[in-house]
Amino acid sequence: MKGYAMLRIGESGWIEKERPQCGPNDAICKPLALAICTSDVHTLWEGAIGERHNMILGHEGCAEVVEVGNLVKDFKPGDRVLVPAITPDWNSLEAQGGYPMHSGGMLSGWKFSNFKDGVFSEFFHVNDADGNLAHLPDNINTVDACMLSDMVPTGFHGVELADVQFGDTVLVIGIGPVGLMAVAGASLRGASRIIAVGTRPVCVEAAKGYGASDFISYKEGPIFQQVLDMTDGKGVDKIVIAGGGVETFAEAVKCLKAGGKIGNVNYLGSGDSIEIPRVEWGVGMGHKQIVGGLTPGGRLRMEKLAALVSSGRLDLSPLSTHVFEGWEHIEEALFLMRDKPADLIKPVIKIED
Ligand code: NDP
Ligand code: ZN
């Protein structure tokens, strides 16, 4: 089979590989549509997970099942499925402890295009199919379905980590596709005011549609100062971080109310440590919590998130700004994600309807 792979850090291309084997609990799938992620860019060009040779890229898409193992109960060849970016081993101790994304070690629930070949391939392997796949609802198109692999689960996880409650004022730092889903999630959870940080006009427009009420450009002075100015010096109840660098934590702590929570889902690609400002952290006693997390996987969660889309409560159509048709566009879409032109949110490649 052919797949689009990371050949080494900084170099990618098409390769031929053996079709993966299906274990008793597994499924083999073929893509219906695929999406490129900022994490693919970090992996390929920034060496975020270290060197990989001839590893097929990609962890976002939806697919058709072509083969299942003899212990798989709920999926069969021909089923159309949502494919999660994170595919934990559900019988691991970490999963039993409530952290499936860390099954087998920290961050090890992320297997596609990390520990094994990803989904940019004619066929790909899904471990623990009953626990990891979800049926694709009839009224979700294949392009929107790709947003349920990682963008919705990750943005919403930021909201869960920040523990957004009715009436909260929420700051979302970064409004790429992940941050946009954090805005949407905070809205659904009942935030009264959502302040969004980002500059790309297409993202600002989308954020308005998802419920952001105020906007800040990080290019026009410190974020915390702008937030304090907007809130009469009070600050915000909750913060989701989905963009920027290590410096965002100091900014966030400075404009978070005592007792507030920061949920980080952003990848921190540089620096040895994160600075927490002592005084604004209540000299160690401010009850300002900081939690960072990889999105959980799991069929139940995927089905619930998909139900938000099926029922019309969450519209994913604004995210897929660039839709291509056919395998030959994978490379173009990947390079587009790296270059992030001003009108881009997410590139998607339709393979089959
Ligand atoms: P994008 O690059 O599309 O968006 C980044 C956002 O951050 C943009 O709004 C950008 O603004 C803003 N930004 C850039 N620099 C700063 C700054 N200095 N201060 C504040 N905001 C800034 O990324 P994605 O939405 O695709 O992904 C966001 C992050 O989430 C990535 O790091 C990705 O790797 C990570 N991720 C994490 C996952 C998890 O499970 N935890 C899963 C998937 C992704 P502008 O409008 O100016 O471009
Ligand atoms: Zn992703």
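Here are three short exercises, with worked solutions, on the two ligand sites of this predicted model.

**Exercise 1.** Work out which protein atoms hold the zinc ion (ligand 2) and what arrangement they form.

*Solution.*
Step 1: List the donors. They are Cys 37 (SG), His 59 (NE2), Glu 60 (OE) and Asp 150 (OD), lying 1.9 to 2.2 Å from the zinc ion.
Step 2: Look at the angles. The 4 donor atoms subtend angles of 92 to 125°. Four donors count as tetrahedral if all angles lie between 85 and 135 degrees, so this arrangement is tetrahedral.
Step 3: Compare with the ideal. For four tetrahedral donors, the ideal angle is 109.5 degrees.

**Exercise 2.** Find how the donors of the zinc ion (ligand 2) are spaced along the chain, and what Cys 37 and Glu 60 tie together.

*Solution.*
Step 1: Write the spacing of the donors, which is C-x21-H-E-x89-D.
Step 2: Place two of the donors. Cys 37 sits in the loop between strand E3 (27-35) and H1, while Glu 60 belongs to strand E5 (residues 60-68).
Step 3: Draw the conclusion. The pair therefore ties together parts that are 23 residues apart in sequence.

**Exercise 3.** Describe the surroundings of ligand 1, from single contacts to domains.

*Solution.*
Step 1: Start with contacts. A polar side-chain atom of Glu 247 lies 3.5 Å from a nitrogen atom of ligand 1. A polar backbone atom of Gly 293 is 3.2 Å from a ligand nitrogen, and a backbone N or O atom of Thr 295 lies 3.0 Å from a ligand oxygen.
Step 2: Check the cover. Ligand 1 taken alone exposes 950 Å², and the protein buries 86% of that.
Step 3: Sort the shell by class: it has 11 nonpolar, 13 polar and 4 charged residues.
Step 4: Zoom out. Domain 1 (2-150 + 295-350) and domain 2 (154-292) each supply at least three residues to the shell.

Key
Residues are numbered from 1 along each chain as its sequence is written. Chains are lettered from A and ligands numbered from 1 in the order in which they are written. This is a predicted model: local features need pLDDT of at least 70, side-chain atom pairs count only at pLDDT 80 or more; totals for chains, interfaces and linings use all residues. Side-chain values use heavy atoms; hydrogens and water are left out. A polar contact is a pair of N or O atoms within 3.5 Å; within protein, one must be able to donate a hydrogen and the other to accept it, and residues adjacent in sequence count only if both atoms are side-chain atoms. Accessible areas come from the Shrake-Rupley method with a 1.4 Å probe; for residues, only the protein chains shown count as cover. Ala, Val, Leu, Ile, Met, Phe, Trp, Tyr, Cys and Pro count as nonpolar, Asp, Glu, Lys and Arg as charged, and the others, Gly among them, as polar. Domain bounds come from an automatic or database domain assignment. Donors are N, O and S atoms within 2.8 Å of the metal (3.2 Å for Na, K and Ca); water is not among the atoms, so sites may look incomplete. Four donors count as tetrahedral if all angles lie between 85 and 135 degrees; four count as square planar and six as octahedral if opposite donors are over 155 degrees apart and all others between 65 and 115; anything else is irregular. Helices (H or I, at least four residues) and strands (E, at least two) are DSSP runs, numbered from the N terminus.
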